[in-house]
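Me: I'd like to learn how to read a protein model feature by feature. Could you walk me through one?

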Amino acid sequence: MDRKQQHIAIFTTASLPWLTGTAVNPLFRAAYLAKDGERRVTLVIPWLSLIDQKLVYPENITFTSPKQHETYVRRWLEERTGFASTFDIRFYPGKFAIDKRSILAVGDISEVIPDEVADVAVLEEPEHLTWFHHGKRWKTKFRYVVGIVHTNYLEYVKREKNGRLQAFLLKYANSWLVDIYCHKVIRLSAATQEYANSIICNVHGVNPKFLEIGNKKKEQQQNGTHAFAKGAYYIGKMVWSKGYKELLELLDDHQKELAGLEVDLYGNGEDFNQIQEAAEKLQIVVRVYPGRDHADPIFHDYKVFLNPSTTDVVCTTTAEALALGKIVVCANHPSNDFFKQFPICRTYDDRNGFVEATLKALAEEPALPTEAQRHQLSWESATERFLQVSELDQAVVKKPSKSPSKHFASTSLNLKKNMEEASAYVHFLASGFETSRRAFGAIPGSLHPDEELCKELGLVTPMSKQGSKNVGSKK
């Protein structure tokens with residue numbers, strides 16, 4: 001199929017106004033894939049009923065209809081990109097799992113895209129989207145399926161009760177499902193779980209506003225103005241696992257060497273009060289503030305961004321800080337590999353290295369980034385990388401060859417296909433019963449959308465489907 005005729009459907013696990021990575025990055029991806037008009041793009045995002053909206057969305061923001069929600073999303077995006085979005089937005093029914101702090105799909109969300117236009121699917125967090133999927137097999141519904149792995153769920157599960165056993169089981173479940181449902185897998189960094197036939201590439205960019213602010217700082221430096229009058233800061237979700245534990249421990253252990261250092265922390269989260277109390281006990285001045293948009297003018301004059309977190313896959317705020325022209329001090333960790341190409345990124349291997357890198361960063365002025373370096377952080381560059389590694393920049397998306405002249409290869413491919421189909425059927429059966437779904441952690445009653453979700457999204461009610469339902473047959 002010619003590239004101009006491609007229809008790319010991007011399915012993701014979250015939506016604005018929840019400012020999480022899987023809400024923001026797929027949104028920008030859709031905008032920039034559609035920008036040149038060479039392909040048709042649809043972004044498929046979760047719709048939550050009012051009770052779940054109140055649990056998830058900040059500042060009491062709620063929506064009474066999908067249309068109102070879509071208007072909010074488009075306005076937020078266009079304020080940041082500066083151009084009108086041309087992609088479509090569709091909604092699938094979702095429910096918020098309080099225990100997982102995640103939105104889970106309800107029913108067969110592949111049905112959102114009509115069969116006649118089901119061409120390419122991009123699954124943002126493919127393991128998350130397929131854990132409880134019950135419906136058409138993604139590889140059957142779509143001609144080509146690309147998974148983008150955002151999150152290292154194994155690290156999160158390890159912190160729970162019986163975490164190591166759960167992580168062991170989850171690792172194999174994720175590998176099994178992603179292999180069944182995806183032709184191609186892109187891992188944002190080596191900090192994610194390994195998957196067969198996957199490729200590591202950061203296919204994310206930064207909000208264009210950050211590059212604009214960084215360019216103004218560059219102009220100030222070129223004019224001889226003191227562009228960065230403040231010291232060090234960190235911004236991130238205020239939970240201990242997002243680097244706050246490591247940062248406060250480093251500051252506590254090296255208060256003598258870092259005497260005179262002042263650090264400002266910004267974020268919202270369930271551990272805000274605990275982090276604030278711990279910061280007040282330090283001799284070093286550490287101020288804790290509620291979260292703000294990283295593009296807020298309050299951040300423009302900081303010189304050094306401290307981020308010791310090792311739980312991210314690719315830290316969005318680190319990329320934003322680099323775009324703003326700041327010196328970044330971060331751990332020498334696979335999640336930061338992409339950032340090492342920038343001269344203003346300083347990595348450290350141990351506690352003494354952190355002290356040395358921090359003091360050196362505070363004593364220097366950030367080096368002016370080149371245009372090529374700035375481009376690497378942009379969504380234009382991220383889109384180019386995505387099209388290349390997903391092979392969607394080719395005129396024809398190739399499927400595995402089944403040439404009859406290569407009997408052995410053909411037999412091997414047929415065997416793999418048969419095993420894959422058998423695995424998909426096993427998953428289809430297991431995901432079709434309420435008891436087995438709940439045993440594996442699904443939200444009760446999530447096999448089909450309830451009447452409220454159906455009414456809000458204009459879907460056929462579950463009762464209307466009962467006559468045609470046949471759990472024992474393959475859809």
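What follows is a short chat about helices, burial, salt bridges and packing in this model.

Me: Before we start, what kind of model is this?

Reply: It's a predicted model, where local features need pLDDT of at least 70, side-chain atom pairs count only at pLDDT 80 or more, and totals for chains, interfaces and linings use all residues. Residues are numbered from 1 along each chain as its sequence is written, and side-chain values use heavy atoms, with hydrogens and water left out.

Me: Let's take helix α8. What span should its residues cover, and how far apart are its end C-alpha atoms?

Reply: Helices here are DSSP runs of H or I with at least four residues, strands are runs of E with at least two, and both are numbered from the N terminus. The expected span of a helix is 1.5 Å times one less than its number of residues. Helix α8 runs over residues 208–222, so its 15 residues should span 21 Å, and the end C-alpha atoms are indeed 21 Å apart.

Me: What sits at the two ends of α8?

Reply: At the start there's a polar contact, meaning a pair of N or O atoms within 3.5 Å; within protein, one must be able to donate a hydrogen and the other to accept it, and residues adjacent in sequence count only if both atoms are side-chain atoms. Here a side-chain oxygen of Asn207 comes within 2.9 Å of the backbone nitrogen of Lys209. After the helix comes Gly224, with a positive phi near 85 degrees.

Me: Which residues of α8 are buried, and what covers them?

Reply: Buried means under 20% relative accessible area, exposed means over 50%, and partly exposed is in between (1.4 Å probe, protein chains only). In α8 the buried ones are Pro208, Phe210, Leu211, Ile213, Gly214, Lys217, Lys218 and Gln221. Their cover includes α1 (21–34), α3 (66–81), α11 (316–323) and α13 (371–376).

Me: Can we zoom in on a residue of α3?

Reply: Sure, try Thr81, which lies in helix α3. Thr81 has a relative accessible area of 13%, so it counts as buried. Contact means heavy atoms within 4.5 Å, and, leaving aside neighbours within four places in sequence, Thr81 is in contact with Phe28, Tyr32 and Pro208. A polar atom of the Thr81 side chain also lies 3.2 Å from the backbone oxygen of Phe83.

Me: How many salt bridges does the structure hold?

Reply: A salt bridge is a side-chain nitrogen of Lys or Arg within 4 Å of a carboxyl oxygen of Asp or Glu. The structure holds 26 of them. One is Lys95 with Asp450, whose closest N and O atoms are 2.9 Å apart. That pair links distant parts of the chain, 355 residues apart: Lys95 is in strand β3 (residues 88–97), while Asp450 is in the loop between α16 (434–439) and α17 (451–457).

Me: Are Lys95 and Asp450 buried or exposed?

Reply: Lys95 counts as buried, because its relative accessibility is 17%. Asp450 is at 27%, so it counts as partly exposed. For another pair, look at Asp115 and Lys141, with closest N and O atoms 2.6 Å apart. Asp115 is partly exposed at 44% relative accessible area, whereas Lys141 is buried at 9%.

Me: What about helix packing?

Reply: Two packed helices are described by the angle between their axes and the distance between the axes. Axes are lines fitted to C-alpha atoms, for helices over the stretch in contact, and angles run from 0 to 180 degrees between N-to-C directions. α1 and helix α14 (residues 379–390) pack at about 85 degrees, with axes 10 Å apart. Angles under 35 degrees count as roughly parallel, over 145 as roughly antiparallel, 65 to 115 as roughly perpendicular and the rest as oblique, and α1 and α14 are therefore roughly perpendicular. On the α1 side the contact is made by Asn25, Phe28, Arg29, Tyr32 and Leu33, and on the α14 side by Trp379, Glu380, Thr383, Phe386 and Leu387.

Me: Which residue caps the N-terminal end of α12?

Reply: Asp350 does, with a side-chain oxygen 3.4 Å from the backbone nitrogen of Asn352. Among the buried residues of α12 are Gly353, Phe354 and Val355.
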